[in-house]
Structure formats: structure tokens, C-alpha cells
Amino acid sequence: MSGLHFKKIFCQAANNGRCYFGQHFGLCHRSFRTTSYLPWNTISWTRNGLLAVDVKSYSTAEEDVAKKPSATKKVNVNARKVIGHVGRLIPYKMIQVLDQDGKDMGKMLKRDVIRVMEKENLKLVTVSPNADPPVYKLLTGKELHEEQLKLREQQKHSTSPGPVQIKEMSFLASISQHDLDVKRKQLIHWIEKKHHIRISVLNSRTVDGPDKLAVLQQMIESMVDCATCMVQPKERKDGRAMICVLRPLSDKELQKRKLEVTAEKQSDEKTSTKDNHRPIP
């Protein structure tokens with residue numbers, strides 16, 4: 001009897017459309033209303049009843065939300081490699097572990113590795129992440145610092161060609177000597193960083209101003225010890241500018257230039273000593 005009474009109340013609440021259970025189990029209120037286009041005649045028709053609706057079944061489990069594909073970060077191939085401490089953020093459940101001396105400790109679970117790290121106060125460093133399973137090594141803080149210094153020195157002395165950055169500098173041919181010296185210091189700073197430089201010398205604002213080719217040649221000659229012309233001076237922009245491209249000297253060219261400078265100094269010293277010992281008539 002009580003079941004029939006509950007069913008009656010349940011159906012009435014579902015028909016009224018105010019009950020969550022009626023909406024969830026498909027017991028929705030169905031109503032239709034039609035209105036004629038004539039302003040004096042309005043027709044309304046309503047039908048009450050139970051309407052079965054396909055509804056997703058209720059569950060207390062977490063719904064699987066479709067994850068949006070995360071934007072992939074651009075990987076810089078020429079970025080400096082760094083040896084870092086992984087810490088507790090080990091992305092694998094099982095890894096191959098090496099001790100401080102390079103001896104194989106075998107395959108270990110993530111929790112066991114963390115326990116060893118905390119017990120002996122060690123750092124975990126990636127050795128080969130693409131292996132199966134990935135290989136990691138345990139190091140002390142001092143050993144990790146030494147490895148970072150070694151890697152930094154190797155990167156400094158590495159001869160692998162990196163991306164060449166081209167800097168640009170432009171100035172008028174009527175530039176003052178002080179400003180020209182400031183520009184030259186900036187060029188030397190770029191050359192020391194192994195950049196290529198495109199220099200543009202524009203025509204003077206006055207007709208009787210200095211020649212742009214002469215000013216450009218003066219700048220090139222002042223930087224002979226550290227740079228050379230990759231593109232010889234040429235006129236561009238309908239003769240309004242003189243352009244050239246400088247590049248830093250290679251190691252062989254630097255050695256050759258040093259030998260030339262020392263030879264010039266020795267020859268100058270010999271000529272000066274001969275002039276000093278020459279008898280005065």
C-alpha cells in the first residue's frame with residue numbers, strides 16, 4: 001500500500017516538473033501550445049502525461065572529462081644543456097639506478113629510490129631518459145655541482161656551429177669622430193659575441209659632406225684585428241647608402257693576424273734602432 005502511495009506522489013511531482021528525480025529518470029512534463037496568427041483567436045492545447053527520455057545513468061564516480069591537447073612547447077635545439085636534480089618528481093614507476101661510483105643498483109621502484117635519496121641525502125640525475133627502463137644516477141650535491149661546471153666548460157669550448165645572428169647598424173657619413181668611436185665600441189662588442197654585422201653608411205645631409213665610402217673604409221680598417229669583410233662595400237638604395245657585412249675572424253685568421261702584428265712591431269723596432277745608431281753628419 002505504501003508503495004502505491006509513494007508511486008502516486010512521485011508521478012504527480014514528475015508531472016509538475018519540479019522534482020529532480022522525475023527529470024532524471026525521464027518522467028518529464030510534456031506540454032504543447034499553439035497560437036494562431038489572428039489577433040482575436042488564441043488556441044492553446046496542453047497534454048499532461050509521462051514522457052520517456054533517454055538520460056545518462058547517474059553515477060557517483062568521477063566523469064572522464066575529455067582533456068584538451070596541451071600546446072606543445074617549442075624546443076630550442078641550440079639551447080644550453082643543463083644537468084638538473086630531478087627530486088621527487090620522477091615520471092616513471094620503475095627506473096634503472098646507478099650509484100655514485102657508476103655501479104648498477106638494478107631496477108628500482110619510484111618509492112624505493114625516493115627512500116634512498118632521503119636516507120643518504122643524495123640527488124637524482126637523468127642519464128639516459130630514452131632507455132627502457134630510463135637510467136638515473138645518484139650524486140651528492142658537490143658532485144652535481146662539479147658535473148654542471150664540466151658541462152659548462154665543454155659547451156664553451158665546443159666548436160659546433162650555432163645560429164648566426166645578424167646585427168644592423170646605420171649612420172650618416174657626416175657623423176662626428178666621437179660618435180664614430182662609440183659605434184666602433186658597439187661593433188666590437190657584437191663581434192666578440194660572434195655576430196655578423198651589416199653596416200650602412202648614408203649620404204651626408206650636405207652636398208659637400210664626407211664621402212660615405214671613405215667613412216666605411218675607415219670603420220673597416222679600425223676593426224682589422226677582430227673582424228673582416230664578408231660582403232665588400234657596395235652601393236644600395238639608388239646610391240644613397242654604402243653597405244657592407246662584417247664577420248668575426250676565425251681562430252686561424254686570429255693567429256695569422258697576431259703573427260703579422262708582432263712582425264710589424266719587430267720591423268718598426270729595428271728601423272728605430274738603426275735611426276738611433278746612425279751617425280750625425
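## The four-stranded sheet

Two strands count as paired here if DSSP finds at least two bridges between them. With that in hand, let's look at this predicted model. One open sheet has four strands in the order β4-β3-β6-β5, and its pairing is mixed. The edge positions belong to β4 (104-109) and β5 (123-128); each has a single partner strand, so one side of each is left without a neighbour in the sheet. On average, neighbouring strands of this sheet are turned by 35 degrees against each other, direction ignored.

Inside that order, β3 (residues 94-98) and β6 (residues 135-139) pair in the parallel sense over three bridges. If you want a place to start looking, Gln96 has Val135 in β6 as its bridge partner. Helix α3 (residues 110-120) packs on the sheet and touches β3, β4, β5 and β6. The direction of α3 makes about 120 degrees with that of β4.

## Around strand β8

Further along the chain, β7, α5 and β8 form a β-α-β unit that is right-handed. β7 and β8 run parallel and are joined by seven bridges; one of the residues to check is Ile166, whose bridge partner in β8 is His196. β8 also pairs with β10, this time antiparallel, through six bridges. There, Val201 has Met242 in β10 as its bridge partner.

How many of the seven residues of β8 are buried? Five of them are, which leaves the strand mostly covered.

## Two nonpolar cores

In soluble globular proteins, nonpolar side chains tend to be buried together. In this model, the largest nonpolar core has 20 residues, and the members touching the most others are Phe171, Leu187 and Ile199. At least two residues of this core come from each of β7 (166-172), α5 (177-192), β8 (196-202), α6 (212-222), β9 (227-236) and β10 (241-248).

Phe171 is a good one to click on: leaving aside residues up to four places away in sequence, its contacts are Leu180, Lys183, Ile199, Ser200, Val201, Leu202, Val215 and Met219. There is also a second, separate core of twelve residues, with Met117, Leu122, Leu124 and Leu138 among them.

## Cysteines

What is the count of disulfides? It comes to zero. Why is Cys229 not bonded to Cys244? The closest cysteine sulfur to that of Cys229 is in Cys244, 4.4 Å away, which is too far for a bond, because a disulfide needs the two sulfur atoms within 2.5 Å.

Are Cys229 and Cys226 buried or exposed? Cys229 is buried, at 17% relative accessible area, whereas Cys226 counts as partly exposed, at 23% relative accessibility.

Methods:
Residues are numbered from 1 along each chain as its sequence is written. This is a predicted model: local features need pLDDT of at least 70, side-chain atom pairs count only at pLDDT 80 or more; totals for chains, interfaces and linings use all residues. Side-chain values use heavy atoms; hydrogens and water are left out. A nonpolar core is a set of buried Ala, Val, Leu, Ile, Met, Phe, Trp, Tyr and Cys residues joined through side-chain atoms within 4.5 Å. Buried means under 20% relative accessible area, exposed over 50%, partly exposed in between (1.4 Å probe, protein chains only). Contact means heavy atoms within 4.5 Å. A crossover is right-handed if, with the strands pointing away from the viewer, the path from the first strand over the helix to the second runs clockwise. Axes are lines fitted to C-alpha atoms, for helices over the stretch in contact, and angles run from 0 to 180 degrees between N-to-C directions.
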